[in-house]
Amino acid sequence: MATEKVFPMTQAGKEKLEQELEHLKTVKRKDVVERIKIARSFGDLSENSEYDSAKEEQAFVEGRITTLENMIRNAKIIEEDEASGDTVTLGRSVTFVELPDGEEESYTIVGSAEADPFEGKISNDSPIAKSLMGKRVGDEVTVQTPGGDMSVRITSIK
């Protein structure tokens, strides 16, 4: 039997997934069932685009519920004391300066389940995070990105 994938995440990340799951089960699922019921009332289902759309949405919602349940069941909470304060690890925020132009960027390294680049949370599987893991303040690191190599210097870790 295959072992299931572990999803490292913060406690806040797990709670966010639990809230999304609850919303899908209690609100979204009922909305989709209602849309299907209304679409059925239109008659012939073979040419009913509203029915097809509602069934597609139902499949998406049910798939997302299954995915979230799996992620929550296999979550590994990242504890603060597990991470050394002076090293880039999962759950830490890292600030670095791009070399040589000095453009500063900050990210929190999280598990793939809670990654959200727009909120400054990058997956530990991303090229940037992989390059920074285990490094310390002052270290210069070469990050391999799809757009080419980028050199950075770590300025702080929180």
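What distance separates the centres of domain 1 and domain 2, taken over C-alpha atoms? In this predicted model, the two centres lie 33 Å apart. The protein chain is divided into domain 1, covering residues 5–75, and domain 2, covering residues 85–155. The points below treat the interface between these domains, then a five-stranded sheet, and finally a cis peptide bond.

**Interface between the domains**

- The contact involves nine residues on the side of domain 1 and eight residues on the side of domain 2.
- The size of an interface is often given as the accessible area lost when the parts come together.
- Between domain 1 and domain 2, the buried area is about 590 Å², and carbon and sulfur atoms give 56% of this area.
- Within domain 1, the residues that lose the most area to domain 2 are Pro8, Thr10 and Lys16; together they account for 56% of what that side buries.

**Polar and charged interactions across the interface**

- One salt bridge is counted between domain 1 and domain 2.
- Lys16 forms a salt bridge with Glu119, and the closest N and O atoms of this pair are 3.7 Å apart. This separation satisfies the salt-bridge limit of 4 Å.
- One residue pair in polar contact is found across the interface, with both residues at pLDDT 80 or more.
- On the side of domain 1 that touches domain 2, strand S1 (7–9) and helix H1 (11–40) each supply at least two residues.

**The five-stranded sheet**

- Five strands form an open sheet with mixed pairing, and their order is S5-S4-S3-S7-S6.
- Strand S5 (121–123) and strand S6 (140–145) are the edge strands, each of which pairs on one side only.
- On average, neighbouring strands of this sheet are turned by 45° against each other, direction ignored.
- S3 pairs with S4 in the antiparallel sense, and five bridges join the two strands.
- Thr95 has Ser106, in S4, as its bridge partner.

**The cis peptide bond**

- Which residue follows Leu99 across a cis peptide bond? The residue is Pro100, and omega for the bond from Leu99 to Pro100 is near 0°.
- Most peptide bonds are trans.
- Pro100 is located in the loop between strand S3 (93–99) and strand S4 (104–110). The strands on either side of this loop, S3 and S4, are antiparallel partners and occupy adjacent places in the order of the open sheet.

Definitions and conventions:
Residues numbered from 1 in each chain as written. Predicted model: local features only at pLDDT ≥ 70, side-chain atom pairs only at ≥ 80, totals over all residues. Heavy atoms only, no water. Helix = DSSP H or I, 4+ residues; strand = E, 2+ residues; numbered from the N terminus. Pairing = 2+ DSSP bridges. Axes fitted to C-alpha atoms, helices over the stretch in contact; angles between N-to-C directions. Domains from an automatic or database assignment. Contact = heavy atoms within 4.5 Å. Buried area = accessible area lost by both parts, 1.4 Å probe. Salt bridge = Lys/Arg side-chain N within 4 Å of Asp/Glu carboxyl O. Polar contact = N/O pair within 3.5 Å; in protein donor to acceptor, adjacent residues only side chain to side chain.
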